[in-house]
Amino acid sequence: MNKKLDPGLRSKIRTRQTTDHAAATAPKSRARVKSAQVGVIVGFTGKVEDLTAIGFVQRTLVRHPRKGYSIATGTIAIDRLDDLAAIPHVTTVEGPRRMHRELNFSLQEIRATAVHTGPHSRKGKGVVVGIIDSGIDWRHGSFVDENGKSRILAIWDHMLPFRAGDTRGPNNVGVVYNQDQLTQALQGRATVRTKDVDASNNREGHGTHVAGIAAGNGRPPTCCHVSQTYVGVAPEAELIVVRYDYTNDEEIGENQRLIEAIDFIFGFLGSIDKPKVINISQGDNLGPHDGTSGVELAIDAHVETGDFLHHPQIVVKSAGNEGGMLRHVQGRVPGNDHLDIEFEVPKERRSDALLDLWYDRAGTLNLTVTAPGGAVSGAVNHGTDLPANAAAPPFIANPAAPANRQTHVAVDGTINGEHDRNNNFRITVERPRRGAILDGTWKLTLTNPNAGAVDFHCWIERGSNTPWFLPPKTPDDGKIRASLDATLSIPGTASQVITVANHASRTSRCDCWPSTGIVSSSSRGPVARGAATNRKPDIAAPGLEITSAKADAANLRGRCCDCCPDACCCLYEDLTGTSMAAPHVAGAIALLLEENPRLTRAELVTHLQATARERPAGGWDATWGGGKLNIQAAIDAVRAAAGGGGGGGGGGPHMHPPAVLDEHFSTGRRASDFSPLHEEKRPHFMRDHRSEADAASSPFTTWLQILKDRLKHFPEGDHVAAAISRHFSEARRLINSNRRIATMWHRAAGPRLLRRLLHGTSVDDSPLPIDKESAYRYLNRCLDLLAQCGSPRLRGSLERYRSVVSMLLTNTFTVPIEARTMDRT
């Protein structure tokens, strides 16, 4: 099988061959099924006609202006993939991979308020901001100007089926609406079907929120706040939006469709002479993390073409939220030695689990997989596959299980890849035909048969309920454990992308984080290879609890906060992540391009980094990039470079309201009354029935900080702690008032589990009254009841974080967080 094909495509070919083999050897052989089509990204250096001649159906094509390569997206039959890869000038063929989302006072934080005011104000006029995401609520007043005209030049909705009267999207995919149609629909004279939520209003409106940060004008008031309170960074920029296909709350679209979306925005005829900046707030973990994936090469070609033609085409990408997700390890295998990498597969994982291991191009590693229960694969040698072909037996992790519940493992090895890539093993733990994949502790053993040491990285693909590597531990126990470094998501490692890290804001709504430091979930650099010339991330911007436009606000019912009598405040909402940091930078670039529409990507990065606040030593590091975004200073630098002087406007009005405290601070009681350790202040069924001498209460903010420190090494720990802050009083009220919930909480030994989470077994080392499995079961039943009885926001947080909460509460901690903190200082 041709190694130009990525591991996912090789797997599809094996599956096809297995199906054909089974059909051919069946007692009554059936006719061969027509081969299915698959979307691909093809890198090549010759004529595209050579590709189409063997059945490739082209969708988009971008050529690099200097480096001689081209990237095309399209479809081809699975049984013609080998023919495509056999074309001599084809360099790489990548298959479809799902991208994943990377989820007020932030304007003051980045110094944009001053830029919006004064005689030389800049608000993004004449610049187009592109949003590739889950869609946009085009009815939201933040995307309508003062004359009732839509500020959106076009929406391409990949998900809409074509109907009579619609305009088909490129390559007959989805539907396109233009500005006139959107404006007429706002006036009730046309119908526009695109939206940013499903029919049940279950989506968060990720794309609407992102667009609001980058370019919302904040015109709609709420009953709490006046018009233009929640203003975006470039409130007079125009927008082009691509609504990406998504399959669930985590997955948002495929990589080849991302290239097609970029091509649509940069090539949109209605804005061909205007500078453009695209925001991408999604990514994935599969690939070399060195800037050479097909999507990244396509982005590089687009950006450098814009620089070459003096029509800026800039792409901004969120760094990712992988910092605390335990989905990356790195290390070195000594010569003539081996080492083990352990990872945990959670219960009820009902989709494939993918691990992507990359090691030195000049090195040699062999791989062995050990499953829970002790089943061991044969050695998968450097550059080979498991199984070796469709006729070879697969590795079965649980051979004693019924055939339809067996977990198979496949390994695809690639060496000496194009673009000087490192060598690769892609490990796929395949879901069985029925039930979940085998859970428990798995092990990868890397064996180095040569004298020279070999460096490696391994990433776990993103999603919900994913496997994780061992968390960091102090002191070091010699095991390979998760690393914060090199956790940037693809395409954030592209050389021409502007990659954005996420920092907290001192004036964020979430006062439980008074620090303005980097958010622990923010992905870190460097890139896995070539870091000396491709330094990522580029800059940091606010991304914690950012208030912006909320999708489908016109159709929401009920109140969003206790101070409001109706749903008017539901026009805006808070979200967190590098998804929220990136559009701050996209909007900032729109302001810079309004000031000078000929700036290149390199010039933009230079200005952003040279003027950043709190710059790291040496001007850059792998956590902060160049430092905190300071758009006022960057505008002044652009003016100074052009000889126009500085002065980015005077101090404007406050653009966001004072921080609103969570409801559990507004009851008139002392914060210590809400301490989860202060059991005697609770009803009888909330108490842990044992001595409380060791359970001295602490103020809510204190134990929340303890909780944050405890969780920072765990998947989405920052976000889980923030969700607990938001929902604590509601959950406490439900447990206190609902006997069914209280019963499950106590059957799960909830108070003691919470005490151990906060203070470790040094405070409470007595055995739990039930086994861990029972505690896990009762705890999940308690969470089910909380979701049933709680508010929509509580329900949404439980749906997103329940697996993490269950894992954390049933884990065993031996070291109190106070001792850990002192050890670090």
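Let's start in a loop. Asp 420 lies in the loop between strand 20 and strand 21. Asp 420 has a positive phi of about 60°, although it is not a glycine. Keep in mind that this is a predicted model.

Asp 420 has company. Asn 416 is found in the loop between strand 20 (408-414) and strand 21 (423-430). Its phi is positive too, at about 55°, and Asn 416 is not a glycine either. Why point this out? Because most residues other than glycine have a negative phi. Is Asn 416 buried or exposed? Asn 416 is exposed, with a relative accessible area of 51%. The cut-off for exposed is over 50%.

Now the strands on either side of that loop. Strand 20 and strand 21 run antiparallel, and seven bridges join them. Within that pairing, Val 409 stands opposite Val 429 in strand 21. Both strands belong to an open sheet of six strands. The order is 15-23-17-21-20-19, and the pairing is antiparallel. Which strands stand at the edges? They are strand 15 (328-333) and strand 19 (395-396). Each has a single partner strand, so one side of each is left without a neighbour in the sheet.

Next, another sheet. Four strands form an open sheet in the order 2-3-1-4, again with antiparallel pairing. Here strand 2 (57-63) and strand 4 (90-94) stand at the edges. Each of these has a single partner strand, so one side of each lacks a neighbour in the sheet. The twist averages 25° from one strand to the next.

Look inside this sheet. Strand 1 (residues 37-44) and strand 3 (residues 70-77) pair in the antiparallel sense over eight bridges. Val 42 stands opposite Ala 72 in strand 3.

Two helices lie across the four strands. Helix 8 lies across strand 1, strand 2, strand 3 and strand 4, and runs at about 60° to strand 2. Helix 9 (residues 294-309) also lies across strand 1, strand 2, strand 3 and strand 4. Helix 9 runs at about 50° to strand 2.

Stay with strand 4 for a moment, and bring in Asp 6. Asp 6 sits in the segment before helix 1 (7-25). Asp 6 is buried, with a relative accessible area of 10%. What does the side chain of Asp 6 reach? One of its polar atoms lies 2.9 Å from the backbone nitrogen of Gly 95. Leaving aside neighbours within four places in sequence, Asp 6 is in contact with Val 93, Glu 94, Gly 95 and Arg 97.

Back to helix 8, this time for its aromatics. The count of aromatic pairs comes to five. One of them is Trp 156 with Phe 264, a tilted pair. The centres are 5.1 Å apart, with 50° between the planes. Trp 156 lies in strand 7 (residues 152-157) and Phe 264 in helix 8 (residues 255-266), so the pair ties together parts that are 108 residues apart in sequence. Both residues, Trp 156 and Phe 264, are buried. Add Phe 268, and Trp 156, Phe 264 and Phe 268 form one aromatic cluster.

Rings also take charges over their faces. Arg 168 lies over the face of Phe 162, at 3.6 Å from the ring centre. Arg 777 lies over the face of Tyr 778, at 5.4 Å from the ring centre.

Last stop: cis prolines, and a serine. The peptide bond from Ile 490 to Pro 491 is cis, with omega near 15°. Pro 491 is found in the loop between strand 24 (468-469) and strand 25. The peptide bond from Gly 525 to Pro 526 is also cis, with omega near 0°. Pro 526 is found in the loop between strand 25 and strand 26. These are worth a look because most peptide bonds are trans.

The loop that holds Pro 526 also holds Ser 522, between strand 25 (498-503) and strand 26 (539-542). How accessible is Ser 522? Ser 522 has 0% relative accessibility, so it counts as buried. Its side chain reaches the backbone nitrogen of Asn 502 at 3.0 Å.

Key
Residues are numbered from 1 along each chain as its sequence is written. This is a predicted model: local features need pLDDT of at least 70, side-chain atom pairs count only at pLDDT 80 or more; totals for chains, interfaces and linings use all residues. Side-chain values use heavy atoms; hydrogens and water are left out. Rings of Phe, Tyr and Trp (its six-membered ring) pair if their centres lie within 6.5 Å; planes under 30 degrees apart count as stacked, over 60 as edge-to-face and the rest as tilted. Buried means under 20% relative accessible area, exposed over 50%, partly exposed in between (1.4 Å probe, protein chains only). A charge sits over a ring if NZ of Lys or CZ of Arg is within 6 Å of the ring centre and within 35 degrees of the ring normal. A polar contact is a pair of N or O atoms within 3.5 Å; within protein, one must be able to donate a hydrogen and the other to accept it, and residues adjacent in sequence count only if both atoms are side-chain atoms. Two strands pair if DSSP finds at least two bridges between them. Axes are lines fitted to C-alpha atoms, for helices over the stretch in contact, and angles run from 0 to 180 degrees between N-to-C directions. Contact means heavy atoms within 4.5 Å.
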